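Here are a few notes to read with the model open beside you. Take them one at a time and find each spot as you go.

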Amino acid sequence: MIVHPVLALDWPASVFNDPHLNTVARTTAEQARIRKVVAATTDFSIAEQFEARPAGAATTRARKNRDAFSQHSANLSFEQELEFKLGNALFDKIWVFSPASTRASDGLGPLHNARSCQRCHLKDGRGHTPQTPDDTAVSMFLRVSVPGPSPAHMAEIKDYIGDAPEPTYGRQLQDFSPPTLAPEYRLDITYEEIEVALAGGETASLRKPTYKAADLGYGPMHKDTMFSPRVAPPMIGLGLLEAIPAVDILARADENDADGNGISGKANLVWSEEYQQVMLGRFGLKAGSPTMHEQSASAFSGDIGISTPLFPAHWGECTVAQIGCRNQPHGDDIERGTEIDQKNMDLVTFYSSNLAVPARRNMDAPEVLRGKEQFYTAGCTSCHTPKFVTHRLNDRDEHSFQLIWPYSDLLLHDMGEGLADHRPEARADGYEWRTPPLWGLGYTKQVSPIAGFLHDGRARTILEAILWHGGEAQAARDTVVDMSPQERGDLISFLESL
């Protein structure tokens, strides 16, 4: 752990103490070992020890088909493999409207974005933008909100940015509905191609998107509505990210840029509905959710309209203004309780926490090693932190005390006007996004050839994603622009090896 003034901030103790994990305190000797193993390398002539296994003992072998992200953590027991498979079945389950003869699968919506988790997280990987003007936006949607007061339970967090649901449409726009209801909208995207000149005579073309919530089904929106486009992120390695000690993440925050390097990572602090306290946000594109269980339950409610013990509204995200939606039949009953019960929620959470990170490929190749050096010297590791060591855990051996290589600090960074959505989320302002993990990046197109990069899928290639970086990442982006074609090619080779 790096000692940093952020640890002295007057925040609730729960932010630092990981109340959702059954942890074992690290010894002084272990802390010294960890500091040594996570230190940044300065030798780019060979691959680092353990680099081939980015998820530690949970790493699965490399695969050449679309199932590269759909394997379980390699260190699960036989009994845990069965839990994983049961969770997989629920993740893939196609939900149907109520009432239905298949009572175990009814309760869809009424308003929804997809009929299953897998419909958004294609093959457990990234979603994609609509491919044609007539294509639906499955795996992509718009979050919405309006300015509002900071809630009383977040009063300890002085810079928390208050907001409120859009009065008619809530916090998320759903584009599917039963025949008796209108969907909320249709996502309309247009693109402008922007040419970027690169050193060495090369050029790249970027897609600049414009979003419109078209064909509104329930009348006009509030005049102050803020929109944020979102594409489903990949599912691999999430349980390991949850197992990183909060203090190790917070130690890398530098909100006032005290070291003067132009990078000022900020932790998102959010309210946990499950634990009824303030916690460190880790999941979601702006780190708006604290745990895998809460993230999964929120997705069931908002994306599919399925009630859970944590979010029991059987109408999903329908607002009080959408009376017809709230009066639709639902799948809650005395025998089952909510449309998915806690036992099955636990299986889905276990599955989502144990989708394995595949092994590195070609990490010893000369161009990959050269590209790794370019990645470090360009300053990319200021946000994309290569290594962490997870907690020692009493009840999660598969995630316990693993050296992992996510290439993310899980902090918020200002990414500039080009990527701004101008919509806040907790402490994240309209310019800030959580650093996305890069592990498995090179498998993206293998898993889904139409997958896009960045929060809204606008980038068709890794290079395009880099060229959209601004704000705190502007200097690193400009360094890539100024590289020779071979240096840029080496950098991409390194990223594709992850």
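1. Start with the second largest cavity of this predicted model. Its lining has five nonpolar, two polar and two charged residues. The residues to click on are S14, V15, D18, P19, H20, A246, M279, L280 and R282. Two elements, α1 (14-17) and β8 (277-280), each give at least two residues to that lining. The space inside comes to about 40 Å³.

2. Now for the largest cavity, which holds about 40 Å³ of space. Its walls are made by E51, P54, R360, W405, Y407, W439 and L498. Sorted by class, that makes five nonpolar and two charged residues, with no polar ones. The count of cavities of 30 Å³ or more is two.

3. Next, have a look at the backbone. Most peptide bonds are trans. However, S98 and P99 are joined by a cis peptide bond, with omega about -5 degrees. There is also a cis bond between G109 and P110, where omega is about 10 degrees. You'll find P99 in the loop between α3 (78-92) and α4 (117-120), and P110 lies in the loop between α3 and α4 too.

4. Which sign does phi have at F50? It's positive, about 70 degrees, even though F50 is not a glycine. Look for F50 in the loop between α2 (28-37) and α3.

5. K123 isn't a glycine either, and its phi is positive at about 50 degrees. This residue sits in the loop between α4 and β2 (140-147). K123 has a relative accessible area of 27%, so it counts as partly exposed.

Definitions and conventions: Residues are numbered from 1 along each chain as its sequence is written. This is a predicted model: local features need pLDDT of at least 70, side-chain atom pairs count only at pLDDT 80 or more; totals for chains, interfaces and linings use all residues. Side-chain values use heavy atoms; hydrogens and water are left out. On a 1 Å grid over the protein atoms alone, a cavity is a set of points where a 1.4 Å probe fits but cannot get out, and a pocket is an open set with protein on both sides within 12 Å along at least five of seven lines; lining residues have an atom within 4 Å of a point. Grid points are joined across faces, edges and corners, and a volume is the space filled by probe spheres set on the points. Ala, Val, Leu, Ile, Met, Phe, Trp, Tyr, Cys and Pro count as nonpolar, Asp, Glu, Lys and Arg as charged, and the others, Gly among them, as polar. Helices (H or I, at least four residues) and strands (E, at least two) are DSSP runs, numbered from the N terminus. Buried means under 20% relative accessible area, exposed over 50%, partly exposed in between (1.4 Å probe, protein chains only).
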